[in-house]
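Reader: Hi! Could you walk me through a few spots in this one?
Author: Happy to, let's look at it together.

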Amino acid sequence: MPSFSIPFKLIIFFLFFASSHAFSSKTIPSREAEALLKWKAGLPTSTQTLLSSLWGGGNHCNWTGINCNNARSVTKMILGEYELKLRGTLHNLNFFSFPSLIWLQLRNNSLYGSIPSHIGNISNLNFLDLSYNNFSRDIPLEIGLLKSLSTLSLRYNSISGSIPREILNLTKLHDLDLAHNHIFGSIPSDIGRLNSLSMLFLNQNHLTGTIPISIGDLQNLSQFVLVDNRLNGSIPKEIGMIRSLGLLDLSNNHLTGPIPNEIGNLSNINYLYLWCNNLSGSIPSEIGMLKSLFELQLSNNSLTGGIPDSIGNLTNLENLVLHFNGLPGSIPASMGNLHNLSILKVFENSLSVLVPQTLNNLTHLQILQVSYNHLNGSLPDNVCLGGLLTHIAASNNNLTGLIPSSLRNCTSLYRVRLEGNHLTGNISEAFGIYPHLNFISLSNNNIFGELSPNWGQCHNLTSLQISNNNISGRIPFQLGHATQLQELHLSWNHLNGEIPKELGKLTMMNRLFLSGNQFSGKIPSEIGLLSQLEQLDLASNNFSGPIPDDLGNCFKLFNLNLTNNNLKESIPSSISYINALESLDLSQNSLIGGIPQQFGKLQSLEVLNLSHNILNGSIPEAFNDLRGLRFVNISFNQFEGPIPNLKAFHEASFDSLRNNKGLCSNATGLMACVPSFLANHGHGKGTKVIISVMLPLFGGLLLLFLLVRSFFASCKKTQTKESKPREEQQGYIYTVLGFNGRILHDNIIEATEDFSSDYCIGSGGYGSVYKAALPTGQVVTVKKLHQSEDNVLINNLKSFESEIIALLEIRHYNIVQMYGFCSHPKHSFLVYELVDRGSLRMVLSNNEQAKEFDWKKRPNVVKGLAKAAHMQ
């Protein structure tokens, strides 16, 4: 037998090669299946159950989301197209077990944790999409090992950290999408190395720094989006080198400086968004070279300089948005060439001159917004010629002329804002029926005519505002058919008649403003059906009758204004049910009775005005619970007793509390409240107290009057025809009314028609009392002294004069204020504050008034008189 000698090492080599070859070729599928099952076992129970129903059988290539090649090796894992919502991490998935994997798509799941570093072992991977998950932390540096990668999408995760420089090794990358994460830091300065990039999305992150100039090297870039970051610096002019660019969005950053002229080189661009930055300077005229442009948005910057006339060359333009800048000048007439334009927004600029009538050519126009400029002239009459207009806003300009006639039949209208101009025309002729109209404001114009019943057929209308115009006639009852109406603002017109009860059908109404008209009749109780009402203003009309009790059903009402009407009867206690009420104004009516005790429940009340009514009684003690009250006015009523212990009352001005019957307080300028022990004295004791205080007081007042009388007599006695004292020919007056003596003297003579008996309101032993209305509108009391022989001498005129001046300076609630006096050869008189409810003697001599002035109130008067005597 021949023998062969084979080296031992060679035998070992062949055995190892054969066995390793057999292992690598026969066990790859099983290794992949084992890796997938091991990953599944580490996922939450719900995800395991889900995958168990999808991954069954021996051949893993048949499992849902798994694709294999002919060798039954996994080439694609697509678990993001089935809305599986897998939960868990990727850390238990052994990527080394998938040497043939070229496509990994796990988008739109609920995967979390960090992206594992061993993902860099999938050396043949060219598509990686982990978007719309909950991945966090940094992008692993090993991502740079995936040299075959053409698509990388990590958008809509919670990835933080900076963009790793290793990502620049992916030179075959076409699409890079890192949008909607928390990535910070700067864009790599040599981003231009990724010269195969077609799409670069870095939007909605926290990137800072500048846009690198190497961006100009991305010659294949078609979409470049950086919106919603914190980038600063200027727009590099090198961006004009990317001629393939179709979408450029640098909006909502902190970019400064001008828009580079080189942007005119982007001849293929369709969408240019630079809004919400700090860009300055002019819009370059080169913008007119972008003939392929569909949308141009430069709003919310600091652009100055006019809108270039070259913008009329953008004949493919559909959306032009330039609002919130400082653009001066005019709207170019060349805009009439933009026949495809559907959106034009130039509001909040400094545009002036006329609105070009060439805008009539824009038959595709859907949105026209030119508000808050300085435009004048008239609006284009055929602005809705194409019948597509949905939004028109030209408010707060200086526009004149008629409302465009094309609006009458413009049934596409959804929102109209023309307020704050000088527009005119008949409202009943200018507007029609609009099935889609949601909002219209025509306030602050010169529109006239009557409201058409057609407004009731605008069934989607939520807000109708026509205040401050010249509208007349009545509110049509058909308006109650506009059941979606939430705001009706017709204030300050010439509307009349009654409010139609049909308005009670507008159950979604939350703001109803009808003030400053000529409405009459009763306030309809049907308003109480408006359960969503938050503000009701019916002020300055001619409403009469009671306040409807049903108003208490408007539980959400926080502002109720019924001032300046002729409302009568008492305040309904049901108002206390309106817990949301913050401001209540019932002033300048004819309301009677007291304040309902239940008002103490109005815990949200901040402003209360009940002035100029005929209300009486005391302020309810429950008011002490209204800690939120900031302003109060109860003047010109018949209230009495102590004011509540609230800051709003104690810090109220005198004008807010004046002219009441007997309000008192120990903390304000009002008369002091009588202590309880004094108020509890019996009838006899009270009478003795009054007599013991009043007799000396009246004696003192009489003595003072005699001194005044003697002063006048002395002055008169010293007169001679040849020589008269200073000022005597013209009269002599001390005054605090803001007049000089002669003017006040002449005004009083004129106001009383030289002391005609028609103006006399009383007389006494020393003179007659007259009521005089001064030209200032103030009404005073004038006491004209009887003329007689001088029989009283005054030894010290200067001393008496000082006393008169002191009286003029006294300010106290319990002393009738003296305004001045006059000494004249023809007549002498004293000028006092008017006290229109008479004297104490008149009250006590009238049985009815004396009963009302009971023994609980009389001690208050005694104490007030005592304080007055002390002042003297």
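**Strands and a loop**

Author: Gly88 stands opposite Leu111 in β5. This is a predicted model, where local features need pLDDT of at least 70 and side-chain atom pairs count only at pLDDT 80 or more, while totals for chains, interfaces and linings use all residues. Residues are numbered from 1 along each chain as its sequence is written, and side-chain values use heavy atoms, leaving out hydrogens and water.

Reader: Cool, in which sense do β3 and β5 pair?
Author: Parallel: β3 (residues 87-88) and β5 (residues 110-114) are joined over 2 bridges. Two strands pair if DSSP finds at least two bridges between them, and strands are DSSP runs of E with at least two residues, helices runs of H or I with at least four, numbered from the N terminus.

Reader: And how many bridges join β5 to β7?
Author: There are 3, and β5 runs parallel to β7 (residues 134-137). Tyr112 has Asn134 in β7 as its bridge partner.

Reader: New topic! Where is Asn660, and is it buried or exposed?
Author: Asn660 lies in the loop between α4 (647-650) and β47 (662-664). Asn660 is buried (under 20% relative accessible area; exposed is over 50%, partly exposed in between, with a 1.4 Å probe and protein chains only), because its relative accessible area is 12%.

Reader: What does its side chain reach?
Author: The Asn660 side chain reaches the backbone nitrogen of Asn637 at 3.4 Å and the backbone nitrogen of Phe639 at 3.0 Å.

Methods:
Polar contact = N/O pair within 3.5 Å; in protein donor to acceptor, adjacent residues only side chain to side chain.
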